[in-house]
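Trainee: Could you take me through the reading of a model, feature by feature, before I draw on it at the bench?
Mentor: Gladly; let us put it in front of us.

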Amino acid sequence: MILMRIAPPRIWRERGARYRLEGCRCTRCGRMWYPPKPLCPYCGSKDIVKINLPQQGRLISWTIEYTVPAGYRGKAPIIIGLVELDNGVKVLAEITDVKPEELVYGMRVECVLRKLYEDGDEGVIVYGIKFVPQQQ
């Protein structure tokens, strides 16, 4: 079995988007998006700048995954939500620390850095962006 590994240079290039809520803004059309891409997905311009996105937003849609891949079965059900950040950028991410029956359209959520999985024989922990209900 051949396993594809992420090369260290790629990890360092993508660390901003992986460990912070970092997106892009096009200097030509002014639109913003997440995750970062080298070209504007709206006008195709290469004139983009990386930006830090707001850490809070509201849940506008979600799905609940009850059948999950091996390695995640102990975490089922997994909630995948579409979050509209306070600046209008939409982010697709896992919603955690909440039960499926507690989800409400428009509920306030905030970004957190959490463990995604352990990789390889050494058990390297991979972290990523998730959202939790915002504390009142």
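The dialogue that follows goes from the whole chain to one sheet, then to the cysteines and the backbone.

Mentor: This is a predicted model, in which local features need pLDDT of at least 70 and side-chain atom pairs count only at pLDDT 80 or more, whereas totals for chains, interfaces and linings use all residues. Residues are numbered from 1 along each chain as its sequence is written, and side-chain values use heavy atoms, with hydrogens and water left out.

Trainee: How many helices and strands are in the chain?
Mentor: Helices (H or I, at least four residues) and strands (E, at least two) are taken as DSSP runs and numbered from the N terminus. Here the chain has 1 helix and 8 strands, and along the sequence they follow the pattern α-β-β-β-β-β-β-β-β.

Trainee: What share of the 136 residues in the chain is buried?
Mentor: A residue is called buried under 20% relative accessible area, exposed over 50%, and partly exposed in between, with a 1.4 Å probe and protein chains only. By that standard, buried residues make up 30% of the 136 residues. As for contacts (heavy atoms within 4.5 Å), residues 24 or more positions apart account for 47% of those with a separation of 6 or more.

Trainee: What is the order of the strands in the open sheet of 3 strands?
Mentor: Two strands pair if DSSP finds at least two bridges between them. In this open sheet the order is β2-β1-β3, with antiparallel pairing. β2 and β3 stand at the edges with a single partner strand each, so one side of each is left without a neighbour in the sheet.

Trainee: Which residues stand opposite each other there?
Mentor: Strand β1, residues 22-26, is joined to β2 by 2 bridges: Arg25 stands opposite Met32, and Cys24 has Trp33 as its bridge partner. On β3 the count is 5 bridges to β1, and Cys26 stands opposite Ile48. Because 4 of its 5 residues are buried, β1 is largely enclosed by the rest of the structure. The hairpin of β1 and β2 has 5 residues between the strands, and Gly30 in the turn has a positive phi of about 85°.

Trainee: How many disulfides does the count come to?
Mentor: A disulfide is a covalent bond between the sulfur atoms of two cysteines. The rule applied here asks for a pair of cysteine sulfur atoms within 2.5 Å, and the count comes to 0 disulfides.

Trainee: Why is Cys26 not bonded to Cys43?
Mentor: The sulfur of Cys43 is the closest cysteine sulfur to that of Cys26, but at 3.6 Å it is too far for a bond. Cys40 is likewise in no disulfide, the nearest cysteine sulfur being that of Cys29, 3.7 Å away. Cys26 counts as buried at 0% relative accessibility, and Cys40 is buried too, with a relative accessible area of 4%.

Trainee: Where should I look at the backbone itself?
Mentor: Look at the peptide bond from Tyr34 to Pro35, which is cis, with omega near 0°; Pro35 lies in the loop between β2 (32-33) and β3 (48-52). Then turn to Asp97, which has a positive phi of about 65° although it is not a glycine.

Trainee: Is Asp97 buried or exposed?
Mentor: With 52% relative accessibility, Asp97 counts as exposed, and its place is in the loop between β6 (90-95) and β7 (108-119).
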